[in-house]
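Reader: I have a model open on my screen and I'd like to learn how to read it. Could you walk me through it, feature by feature?

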Amino acid sequence: MNIKKAGLTILFSLLHVGTSLAFEVVVSAASDLTGAFKEIGAMYEKESGNRVVFNFGSTGMLAQQIEGGAPVDLFAAANKRYVDELEKKGLIIPETKRVYAIGRIVLATPKEGVKLNSVEELTRPDIKRIAIANPSHAPYGMAAKEAMEKNDIWNKIKDKVVYAENIRQAMQYLETGNVDAAILAHSVTIGSDVNYMPIPQELYAPIVQTLAVIKGGKNEKKARELAEFINGPKGRAVMDRYGFGLPSEGK
């Protein structure tokens, strides 16, 4: 009898594990979303009872992982182009593709460092190292390089540039004093102890951040629900607080 009860206990435990896994939404999200999405994820978990697992990184690297078959339910990119490319390869559910934010970049320096008032000031001799996310695969790095090119300073300062794997790592370089300045996503400066100023939006192409549900994911229904939550009133309130521009309804 005890053996039978023990067997039932094991069976129900296994069923419970299976049920838990069935409601786990795996999200690959751009690094600039770390703070905002952790808050949104916690809110969604509380309301839905589902678990959200985040994998944060540079958009280009995350897209490569999805192409390689990584088990992802929802992809939140920092650039629409990467989602469009996955769509061409048949890797997303097209009707779930939606803009959820417009990214913004800022010029930042350490709290105890110099305060810069324009991108042109990066040419100053006392600014010896400048961090940006790697523009080869990070949309915020692309925007940073574009802003410097439009100011005609890229060729003057490119030897000072330190490439970070993603925008969070660029922030770490600044916070640890490894660089004198950085061009960052506005969102990563929220709650930080750095000086920063917005870079005029006419200096770089709009950072149109787009999400989509991945085709063949284990939890498509829950991924769709989370996507709607991100673009709903509660999700948008958090995104606004982290400095993102909000797209018009229905886009």
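Author: Let's start with burial. A residue is buried under 20% relative accessible area, exposed over 50%, and partly exposed in between, with a 1.4 Å probe and protein chains only. Helices (H or I, at least four residues) and strands (E, at least two) are DSSP runs, numbered from the N terminus. In strand 10, 6 of the 7 residues are buried, so this strand is largely enclosed by the rest of the structure.

Reader: And what am I looking at, exactly?

Author: This is a predicted model, where local features need pLDDT of at least 70 and side-chain atom pairs count only at pLDDT 80 or more, while totals for chains, interfaces and linings use all residues. Residues are numbered from 1 along each chain as its sequence is written, and side-chain values use heavy atoms, with hydrogens and water left out.

Reader: OK, sheets next. In what order do the strands of the sheet with strand 10 lie?

Author: The general idea: strands of a sheet pair through backbone hydrogen bonds, either parallel or antiparallel. Here, two strands pair if DSSP finds at least two bridges between them. The order is 2-1-3-10-4, an open sheet of 5 strands with mixed pairing. Strand 2 (51-57) and strand 4 (98-103) are the edge strands, each pairing on one side only. From one strand to the next, the twist averages 20 degrees.

Reader: Which residues can I click on to see strand 10 (residues 207-213) paired with strand 3?

Author: Try Phe75, whose bridge partner in strand 10 is Ala212. Strand 3 (residues 74-76) and strand 10 pair in the antiparallel sense over 3 bridges. Strand 4 and strand 10 also run antiparallel, joined by 5 bridges, and there Val99 stands opposite Thr210.

Reader: What angle does helix 4 make with strand 10?

Author: For angles, axes are lines fitted to C-alpha atoms, for helices over the stretch in contact, and the values run from 0 to 180 degrees between N-to-C directions. Helix 4 (residues 80-88) lies across strand 3 and strand 10, at about 35 degrees to strand 10.

Reader: How many strands form the sheet that includes strand 7?

Author: That open sheet has 5 strands, in the order 7-6-8-5-9, and the pairing is mixed. Strand 7 (161-164) and strand 9 (194-198) stand at the edges with a single partner strand each, so one side of each has no neighbour in the sheet. Direction ignored, neighbouring strands here are turned by 30 degrees against each other on average. Helix 7 (residues 167-175) packs on this sheet, touching strands 5, 6, 7, 8 and 9, and its direction makes about 145 degrees with that of strand 8. Touching, or contact, means heavy atoms within 4.5 Å.

Reader: Which way do the side chains of strand 6 point?

Author: Ile130 and Ile132 point one way, Ala131 and Ala133 the other, and all are buried. Strand 6 pairs with strand 7 in the parallel sense over 4 bridges, with Ile130 partnered by Val161. Strand 6 and strand 8 run parallel too, joined by 2 bridges, and Ala131 has Ala182 as its bridge partner. Ala182 is also the bridge partner of Ala108, where strand 5 (residues 105-110) and strand 8 (residues 181-185) pair in the antiparallel sense over 4 bridges.

Reader: Can we zoom in on one residue? Is Tyr44 buried or exposed?

Author: Tyr44 counts as buried, because its relative accessibility is 4%. Tyr44 sits in helix 2 (residues 34-48). Leaving aside neighbours within four places in sequence, its contacts include Val52, Lys222, Leu226 and Phe229. Glu225 is 181 residues away along the chain, yet the two C-alpha atoms are separated by 9.3 Å.

Reader: Last one: how do I read empty space?

Author: Rolling a probe the size of a water molecule over the atoms shows where empty space is left. On a 1 Å grid over the protein atoms alone, a cavity is a set of points where a 1.4 Å probe fits but cannot get out; a pocket is an open set with protein on both sides within 12 Å along at least five of seven lines; lining residues have an atom within 4 Å of a point. The largest pocket is lined by 10 residues, with Glu24, Val26, Pro71, Asp73 and Lys218 nearest its centre. The largest cavity has 13 lining residues, and Ser31, Ala138, Pro139, Tyr140 and Ile167 lie nearest its centre.
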